[in-house]
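Q: Please take a close look at one part of this model, and place it in the context of the whole. I would like the criteria behind each term spelled out as you go.

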Amino acid sequence: MNWWLAAACALVAGGLGPCLWGSARGTAGQRVVAQNLATLLLCLVFLLLAQGYGRPSYVDLALVVAVLGPAGTLVFTRLLGDEIGERPPGLRLLTPAVLVATPATVVPLCVATGPGRALGKLVLIGLLLIAGGVVTSVAVRHG
């Protein structure tokens with residue numbers, strides 16, 4: 001077990017568990033926020049697992065999640081617009097979580113990866129996560 005795998009385990013245990021609970025038991029607004037946060041954490045877990053196991057194919061999974069996760073949140077927001085409410089609980093913490101967790105994960109991975117194509121892919125995934133998190137937060141806020 002190395003530090004990358006330990007960080008991935010910490011994100012799964014400390015982050016995905018509460019997100020799954022919120023998406024299963026919360027109101028419509030809480031479910032959308034929990035789903036959005038779960039896609040962020042899942043993408044970060046894939047990145048950490050890719051570095052921990054030395055499997056670059058996991059980075060491709062993270063790229064797919066970084067593209068499709070915010071798109072799914074926007075679809076849910078559109079379909080559940082009336083049920084979400086004005087400001088669902090947890091929404092105000094979503095953008096800071098994205099702006100802190102993404103660089104805190106992607107920057108050390110970029111340093112460990114070194115220059116090359118993999119570094120460009122990590123930077124792209126980080127930018128997609130940040131942009132997707134901000135756009136979906138605004139979309140959920142405005143219904």
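A: What follows starts with the whole chain, turns to helix α3 (residues 57-79), and then looks at some other sites.

The structure is a predicted model, in which local features need pLDDT of at least 70 and side-chain atom pairs count only at pLDDT 80 or more, while totals for chains, interfaces and linings use all residues. Residues are numbered from 1 along each chain as its sequence is written, and side-chain values use heavy atoms, with hydrogens and water left out.

The protein has six helices and zero strands, where helices (H or I, at least four residues) and strands (E, at least two) are DSSP runs numbered from the N terminus. Read from the N terminus, the elements follow the order α-α-α-α-α-α. With a radius of gyration of 15 Å, close to the 15 Å given by the globule rule for 143 residues, the protein is as compact as a globular protein of that length; the radius is taken over C-alpha atoms, and the rule is 2.2 Å times the number of residues to the power 0.38. The C-alpha trace spans about 45 × 25 × 20 Å along its principal axes. Of the contacts with a separation of 6 or more, 76% are made by residues 24 or more positions apart, a contact being heavy atoms within 4.5 Å.

Of the 143 residues, 40% count as buried, a class that means under 20% relative accessible area, with exposed meaning over 50% and partly exposed the range in between (1.4 Å probe, protein chains only). The accessible surface of the protein is about 7800 Å², and carbon and sulfur atoms hold 69% of that surface; these areas come from the Shrake-Rupley method with a 1.4 Å probe, and for residues only the protein chains shown count as cover.

Within helix α3, Asp60 makes a salt bridge to Lys121, with 2.6 Å between the closest N and O atoms. The term stands for a side-chain nitrogen of Lys or Arg within 4 Å of a carboxyl oxygen of Asp or Glu, and by this rule the count is one. The pair joins distant parts of the chain, since Asp60 belongs to helix α3 and Lys121 to helix α6 (residues 117-142), 61 residues apart. Side chains of opposite charge can pair when their charged atoms come close. Asp60 itself is partly exposed, its relative accessible area being 36%.

Further along helix α3, Val64, Val67 and Leu68 make up a nonpolar surface patch with about 270 Å² of accessible area together. Patches are made of residues with over 30% relative accessible area and no salt bridge, joined within 9 Å for like charges and within 5 Å for nonpolar side chains (Val, Leu, Ile, Met, Phe, Trp, Tyr). Val67, which lies in helix α3, is partly exposed at a relative accessible area of 45%.

Gly69 is also found in helix α3, but this residue is buried, with a relative accessible area of 6%. Setting aside residues up to four places away in sequence, Gly69 touches Gln35 and Thr39. Between the C-alpha atoms of Gly69 and Val135, which are 66 residues apart along the chain, the separation is 12 Å.

Beyond helix α3, Asp82 is found in helix α4 and counts as exposed at 81% relative accessibility; its C-alpha atom is 9.8 Å from that of Gly29, 53 residues away along the chain. Glu86 sits in the loop between α4 (81-84) and α5 (91-113) and is exposed as well, at 63% relative accessibility. Apart from neighbours within four places in sequence, Glu86 is in contact with Val140 and Arg141, whereas Trp4, 82 residues away in sequence, lies 38 Å from Glu86, C-alpha to C-alpha.

As for cysteines, the count of disulfides (pairs of cysteine sulfur atoms within 2.5 Å) comes to zero. The sulfur of Cys9 is 16 Å from the closest cysteine sulfur, that of Cys19, which is too far for a bond. Cys43 is likewise in no disulfide, the nearest cysteine sulfur being that of Cys110 at 12 Å. Cys9 is partly exposed, with a relative accessible area of 43%, whereas Cys43 counts as buried at 0% relative accessibility.
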